[in-house]
Amino acid sequence: MNELKAANIRVTVQRQQVLDILKNSEVPLSLNQIKDMIGEGFMDQSTLYRILDLFETKKIVTRTVLLDPSLTVYGYVHKQHRHLLICSRCETISVISGCPLHDYENQIAEKSGYIINDHQLELYGLCVSCQQEVSL
């Protein structure tokens with residue numbers, strides 16, 4: 001609750017519930033996954049969109065649009081920088097800890113003159129389970 005107040009967001013049961021779901025998830029979640037966790041009838045889809053947009057504006061969550069499958073996921077902004085590993089078959093999302101891009105980012109900034117303030121990386125492939133199913 002203090003987190004919402006600190007971000008100058010009025011605390012409501014619905015906002016707190018969405019925040020708790022995202023904070024307790026190890027991986028970013030799609031709108032449908034969040035809706036399923038909330039349960040039927042508690043919140044309409046437009047309210048959920050407005051809450052997620054507000055949280056993104058206040059930098060409480062990040063919104064990532066995955067390329068394949070074309071899907072938007074929302075993740076709580078943790079203290080550490082994270083990247084995603086996505087199975088292109090079953091759509092399982094895993095978090096990659098650590099960032100191999102900081103040195104490369106600095107090189108690009110030096111060469112281009114840009115001040116780089118952010119980046120994101122998603123890697124796509126087949127998870128172990130899908131690899132086994134495909135090879136059967």
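## Leu 85 and strand 4

A residue here counts as partly exposed when its relative accessible area falls between the buried cut-off, under 20%, and the exposed cut-off, over 50%. Leu 85 has 40% relative accessibility, so it counts as partly exposed. Keep in mind that we're looking at a predicted model.

Leu 85 sits in strand 4, which runs over 82-87. Leaving aside residues up to four places away in sequence, Leu 85 touches Thr 92, Ile 93, Ser 94, Ile 96 and Leu 123. Of these, Ile 93, Ser 94 and Ile 96 fall in strand 5 (93-97). Ser 112 is another story: it is 27 residues from Leu 85 in sequence, and the two C-alpha atoms are 28 Å apart in space.

## The chain as a whole

Stepping back, the protein chain has 6 helices and 6 strands. Reading along the sequence, they come in the order α-α-β-α-α-β-β-β-β-α-β-α. Taken along the principal axes, the C-alpha atoms fill a box of roughly 50 × 45 × 20 Å.

The chain has 136 residues, and 31% of them count as buried. About 9,200 Å² of surface is exposed, with carbon and sulfur atoms supplying 49% of that area. As for how the chain folds back on itself, take the contacts between residues at least 6 apart in sequence: 49% of them join residues at least 24 apart.

## Helix 2 against helix 3

Helix 2 covers residues 13-23 and helix 3 covers residues 31-38. Their axes come within 10 Å and cross at roughly 115°. That angle makes helix 2 roughly perpendicular to helix 3, and the crossing is right-handed.

Who does the touching? From helix 2 it's Gln 17, Val 18, Ile 21 and Leu 22, and they meet Ile 34, Met 37 and Ile 38 of helix 3. Sorted by class, this contact has 6 nonpolar residues, 1 polar residue and no charged ones.

## Helix 2 against helix 4

Helix 2 also packs on helix 4 (residues 45-57), at an angle of about 65° and with the axes 10 Å apart. These two helices are therefore roughly perpendicular to each other. Helix 2 passes helix 4 in a right-handed crossing. On the helix 2 side, the contact uses Gln 14, Arg 15, Val 18, Leu 19 and Leu 22. Helix 4 brings Thr 47, Leu 48, Ile 51, Leu 52, Leu 54 and Phe 55. The class count for this contact is 8 nonpolar, 2 polar and 1 charged.

If you're tracing side chains, Val 18 and Leu 22 are worth a look: both appear in the contact with helix 3 and in the contact with helix 4.

## Helix 3 against helix 4

Helix 3 and helix 4 meet as well: their axes come within 11 Å and cross at roughly 115°. That makes helix 3 roughly perpendicular to helix 4, and the pass is a right-handed crossing. Helix 3 puts in Leu 31, Ile 34, Lys 35 and Ile 38, while helix 4 supplies Gln 45, Leu 48, Tyr 49 and Leu 52. By class, the contact has 6 nonpolar, 1 polar and 1 charged residues.

## Leu 29, beside the helices

Is Leu 29 buried or exposed? Leu 29 is buried, with a relative accessible area of 6%. This residue belongs to strand 1 (residues 29-30). Not counting residues up to four places away in sequence, Leu 29 touches Ile 21, Leu 22, Ile 34, Met 37, Thr 72, Val 73 and Tyr 74. Among these partners, Ile 21, Leu 22, Ile 34 and Met 37 also take part in the contact of helix 2 with helix 3.

Leu 29 and Tyr 76 are 47 residues apart along the chain, with their C-alpha atoms separated by 9.3 Å.

## Two loop residues with positive phi

Which residue has a phi near 60° without being a glycine? That's Lys 59, found in the loop between helix 4 and strand 2 (61-66). Lys 59 counts as exposed, at 66% relative accessibility.

Glu 91 isn't a glycine either, and its phi is positive at about 70°. Glu 91 lies in the loop between strand 4 and strand 5. With a relative accessible area of 41%, Glu 91 is partly exposed.

Note on methods. Residues are numbered from 1 along each chain as its sequence is written. This is a predicted model: local features need pLDDT of at least 70, side-chain atom pairs count only at pLDDT 80 or more; totals for chains, interfaces and linings use all residues. Side-chain values use heavy atoms; hydrogens and water are left out. Axes are lines fitted to C-alpha atoms, for helices over the stretch in contact, and angles run from 0 to 180 degrees between N-to-C directions. Helices (H or I, at least four residues) and strands (E, at least two) are DSSP runs, numbered from the N terminus. Angles under 35 degrees count as roughly parallel, over 145 as roughly antiparallel, 65 to 115 as roughly perpendicular and the rest as oblique. A crossing is left-handed if the near helix is turned anticlockwise from the far one by less than a right angle, and right-handed if clockwise. Contact means heavy atoms within 4.5 Å. Ala, Val, Leu, Ile, Met, Phe, Trp, Tyr, Cys and Pro count as nonpolar, Asp, Glu, Lys and Arg as charged, and the others, Gly among them, as polar. Buried means under 20% relative accessible area, exposed over 50%, partly exposed in between (1.4 Å probe, protein chains only). Accessible areas come from the Shrake-Rupley method with a 1.4 Å probe; for residues, only the protein chains shown count as cover.
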